[in-house]
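Trainee: I've got a model open and some labels to make sense of. Can we go through them together?
Mentor: Sure, put it up and ask away.

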Amino acid sequence: MARERISFTTCNLYNLNRPGLPIYTGDGWTGAQYDRKIAWLGAALDVMRADVIGFQELWHIGALDDALMAAGLDQTHTALVPEGHEGQGIVCAAAVRSDWLVGEPQWIADFPPDFRLESQGDDPQTPEIDVAIDSFSRPVLHFMVQPVEDRSPIAVYVCHLKSKSPTQIYREDWYDRDTHSRYAQALGYAISTIRRTAEAAALRMMLIDRMRGTDIPVIVLGDINDETLSNTANVLTGQPRYLLGLSAGGGDASLYTAQTLQQYRSTRDVYYTHIYQNERTSLDHILVSQEFYDNSRQRIWSFQGLDIFNDHLNDDDHKETGTTDHGIVRAIFQLQPARVEED
């Protein structure tokens, strides 16, 4: 069924696995903990009622099926999960209105073949750099949806970039306790940052190839593990110029943050999706191409608003309450193409 008002959500599931199965950080969920988790998640997804939902940290296809059933979405949405995924690790996944899905989803693990992070430096004082990395920590999910038949399908990417947590280096062959233990945290933070930046650059290359010279709308749903004004976000978006008033423009390969679009609607900013050491940060984002940007000459979908489901972040123990440790973000758009001025 065609829809002229559409919504997209990103949701980190906080290690959603079936009870009794192991996860990376602990023994997993008991039956009671799992039941609370599914009940809470189902209620949250029911409140959001999004047409397209991107998920991170899914361990088991059956667990997502349980959550969609609890939300009342099992009859309207199709779950996109790798075939046979039953607790082997965490993946990006999605739930999409069944009649919107075009073609088959794909999970992209490898960086583009032309990806290189190698340089001799910009000037004689800059030492050379060579970063050897060729794949994502969490494969990027890509699929197409078509809400309206006579409009271009929308390309959706669901991502989960490397976390800010310091990489544990004590298992490395080069690690020497006497030498490196005092620097382990600093080096670990640096490695995580380099990995996350590389993943952002690789995804950016994929997005440029998709957007440049085409009229296909693009949306990125994801936990990028960094802030709106971070270097990670800058790499992903291309740092577009946001226009004001009656200005019109748009960038062919630019991405615009739904957070910034919402800030044009309201002077009060309450956007945060994660709490760490009492700091409220925004790690979960919805990024959109110029076809969703109000001031773009190529606009097809007009931004209507952003919702953040985040009161549960104040819970002290997410494992016992069944809540996730991230906020859930929803962006809403209306079919409203830009007027074409005749010469």
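Trainee: How many disulfides does the count come to?
Mentor: Zero disulfides. Bear in mind that this is a predicted model. The cut-off is a pair of cysteine sulfur atoms within 2.5 Å. Take Cys11: its nearest cysteine sulfur, in Cys92, is 12 Å away, so Cys11 is in no disulfide.

Trainee: What makes the sulfur of Cys92 too far from the closest cysteine sulfur for a bond?
Mentor: The closest one belongs to Cys159, and the separation is 6.7 Å. Set that against the 2.5 Å limit, and the pair is too far for a bond.

Trainee: Why is Cys11 called buried?
Mentor: Buried means under 20% relative accessible area. Cys11 has 0%, so the label fits. Cys92 comes in at 1%, so it is buried by that rule too.

Trainee: On to the helices. Why are α1 and α2 called oblique to each other?
Mentor: Helix α1 covers residues 31–48 and helix α2 residues 61–71, and they pack at an angle of about 55° with their axes 7 Å apart. Roughly parallel needs under 35 degrees, and roughly perpendicular runs from 65 to 115. About 55° fits neither, so the pair is oblique. The crossing of α1 past α2 is right-handed.

Trainee: Which residues make the contact?
Mentor: On α1, they include Tyr34, Ile38 and Leu41; on α2, Ala63, Ala67 and Leu68 are among them. By class, the contact has nine nonpolar, two polar and two charged residues.

Definitions and conventions: Residues are numbered from 1 along each chain as its sequence is written. This is a predicted model: local features need pLDDT of at least 70, side-chain atom pairs count only at pLDDT 80 or more; totals for chains, interfaces and linings use all residues. Side-chain values use heavy atoms; hydrogens and water are left out. Buried means under 20% relative accessible area, exposed over 50%, partly exposed in between (1.4 Å probe, protein chains only). Axes are lines fitted to C-alpha atoms, for helices over the stretch in contact, and angles run from 0 to 180 degrees between N-to-C directions. Helices (H or I, at least four residues) and strands (E, at least two) are DSSP runs, numbered from the N terminus. Angles under 35 degrees count as roughly parallel, over 145 as roughly antiparallel, 65 to 115 as roughly perpendicular and the rest as oblique. A crossing is left-handed if the near helix is turned anticlockwise from the far one by less than a right angle, and right-handed if clockwise. Contact means heavy atoms within 4.5 Å. Ala, Val, Leu, Ile, Met, Phe, Trp, Tyr, Cys and Pro count as nonpolar, Asp, Glu, Lys and Arg as charged, and the others, Gly among them, as polar.
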